[in-house]
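The report below follows a chain through its strands, its enclosed and open spaces, and two loop residues. Please keep the sequence and the coordinates at hand while reading.

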Amino acid sequence: MGRAFVYVILGGGVGAGYAALEFVNRGLSNGQLCIISQEPVAPYERPALSKGFLLPQAPARLPSFHTCVGANEERLTPKWYKQHGIELILGTAVKSADVKRKTLLTATGETISYKILIVATGARALKLEEFGVTGSDAENVCYLRDIADANRLVDAMQSSPGGNAVVIGGGYIGMECAASLVINKINVTMVFPEPHCMARLLTPEIAAYYEEYYKSKGVDFIKGTVLQSLDFDSNGKVTAVNLRDGRKISVDMVVVGIGIRPNTGLFEGQLTLEKGGIKVNGKLQSSNSSVYAIGDVAAFPVKVFGEIRRLEHVDAARKSARHAVAAIMDGDKTGEFDYLPFFYSRVFTLSWQFYGDNVGEVVYYGDMSSGETFGAYWVSKGHLVGAFLEGGTKREYEAIAKTTRLRPEIEDLAELERHGLGFAVTVSQKPALVLPLVDVRTSDLLLEKPLFAWHATAGVILAASIAAFAYVYGRRRRRW
């Protein structure tokens, strides 16, 4: 048995939904596209799982968060795919792929052939067993990667009202799940080996703010140690966690968020891999010209930094999906993927965004003690390369994004600190003085270098702009 399609998307996560919409917007014909997914439901917005899905009242449920509502676009229900002649093969695993023959073999024994394949297999959650700890199968041990995981977590919370939960891991999933547990009136202890939460992204100073906020909500932190083993009762439920530092914590449930691993297994030995993912070029095309990769599984050139990176975030999945389809359908008019790394989170009443890279010297601004707006810039080799903002407005978030992309030259860190957020707002409103093709070669990429000289007359103009901005927004900035 077998079927043939012009385009096949392997994987049914966020990227698959956005790719499907882009295909339709670009004139896809009925019967040309097939999506194969292990999940039993059509593509959905995965961030909802750690937020609205876990709410105790009026929780989000499908079909409300099918893609592409996360980008304020059309909601693609199963009916939508049928109306556009897109074949959904759900609840089906692919056990092998042959990129030379352009075929996929499903676990049911069906052969699916394609002309163009988009790999959107995403990543899987790392399990405790991979770190020498048994117990993942216990009913009150939860992960969070898909709908099934989310339902299991909801069941565990509902069976433990007022109970105690230990969250293993201090990254994205750990922090967002901890917030949801608190909202469900469950006592939370977070355990992770790093010196502070979100260690891959946040500085100790910024992380301290969020840790203090979580503590004010009743969350306890145990840092600098890891889970060593679990205790079970006669029914196989976990009753306590044992830490390497000798502490034992009684629990009603455990949530594990210790990282992910890209699903590249089908293509090892067939496609070039890098940074743990499938290496692609600026059009998201792999070492085999008929195969593209998007989302968590793709290692792509980040033009603004001139190097290959693999980014684990929904925004990269959405935008890489659209670009890959544009390159497939209209390659001559599609340039290279020019993505600015972007991360965000919304928990409790907090909301932050980060753009760019967190390397170099850090310049803080705003008043963290007030619990309002504060942020930071990262400056490397004389240029602003990263920006973080908590509590910003839509306009302010857009300003730090645009400024980070421009990579303005920074001559005086003290001046940058003094101007704070106003610097980004002002820069984002001014045309860049671009020196064509200034040689800043890295990894054989030639970038344009926006040059901003913040001195002399330009300094006077900037000061006036800052004064006007301060008057409009009425925000008092001071040094931490």
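Which residue in S10 is the bridge partner of Ala165?

## A parallel strand pair

In this predicted model, the bridge partner of Ala165 is Val188, which belongs to S10. The pairing behind that contact involves strand S9 (residues 164-168) and S10, which run parallel and are joined by five bridges. Strand S10, covering residues 187-192, is mostly covered, since five of its six residues are buried.

## The five-stranded sheet

An open sheet of five strands is arranged in the order S22-S23-S26-S25-S24, and its pairing is antiparallel. The edges are taken by S22 and by strand S24 (361-366), each of which has a single partner strand, so one side of each is left without a neighbour in the sheet. From one strand to the next, the twist averages 15°.

At the S24 edge, six bridges join that strand to strand S25 (residues 374-380), and the two run antiparallel. Within this part of the sheet, Val362 stands opposite Trp378 of S25. Helix H5 (residues 204-216) packs on the sheet and touches S22, S23, S24, S25 and strand S26 (383-390), while the direction of H5 makes about 155° with that of S25.

## The enclosed cavity

The model holds one cavity of 30 Å³ or more, and the volume of the largest cavity is about 90 Å³. The elements giving two or more residues to its lining are helix H4 (172-183), H5 and S22, so named elements of the sheet and of its packing helix recur here. The residues that line the largest cavity include Tyr172, Met175, Tyr210, Tyr214, Ser345 and Val347, and Trp352 is also among them. By class, the lining of this cavity divides into nine nonpolar residues, one polar and no charged.

## The second largest pocket

About 730 Å³ of space lies in the second largest pocket. Its lining is made up of 28 residues, of which Gly70, Asp315, Arg318, Phe342 and Tyr344 lie nearest the centre of the pocket. Two or more lining residues come from each of helix H6 (314-329), strand S22 (342-347), strand S23 (350-356) and helix H7 (394-406), and the largest share, five residues, is contributed by H7.

In chemical character, the lining of the second largest pocket divides into 13 nonpolar, four polar and eleven charged residues. For the lining of the largest cavity, by comparison, the division lists no charged residues.

## Two loop residues

Glu39 is found in the loop between strand S2 (33-36) and helix H2 (78-83). Is Glu39 buried or exposed? With a relative accessibility of 12%, Glu39 counts as buried, because the cut-off for that class is under 20%. Leaving aside residues up to four places away in sequence, Glu39 touches Tyr44, Arg46, Leu90, Gly91, Asp146 and Ile147.

Leu266 has its place in the loop between strand S16 (260-262) and strand S17 (273-274). At 24% relative accessibility, Leu266 counts as partly exposed, because that class lies between the 20% and 50% cut-offs. With residues up to four places away in sequence again not counted, Leu266 touches Leu10, Val94, Lys95, Ser96 and Ala97. The C-alpha atoms of Leu266 and Thr121 are separated by 9.7 Å, although these two residues are 145 residues apart along the chain.

Note on methods:
Residues numbered from 1 in each chain as written. Predicted model: local features only at pLDDT ≥ 70, side-chain atom pairs only at ≥ 80, totals over all residues. Heavy atoms only, no water. Helix = DSSP H or I, 4+ residues; strand = E, 2+ residues; numbered from the N terminus. Buried < 20%, exposed > 50% of the residue type's maximum accessible area, 1.4 Å probe, protein only. Contact = heavy atoms within 4.5 Å. 1 Å grid on protein atoms, 1.4 Å probe; cavity = no way out; pocket = protein on both sides within 12 Å on 5 of 7 lines; lining within 4 Å. Points joined across faces, edges and corners; volume = space filled by probe spheres on them. Nonpolar A, V, L, I, M, F, W, Y, C, P; charged D, E, K, R; others polar. Pairing = 2+ DSSP bridges. Axes fitted to C-alpha atoms, helices over the stretch in contact; angles between N-to-C directions.
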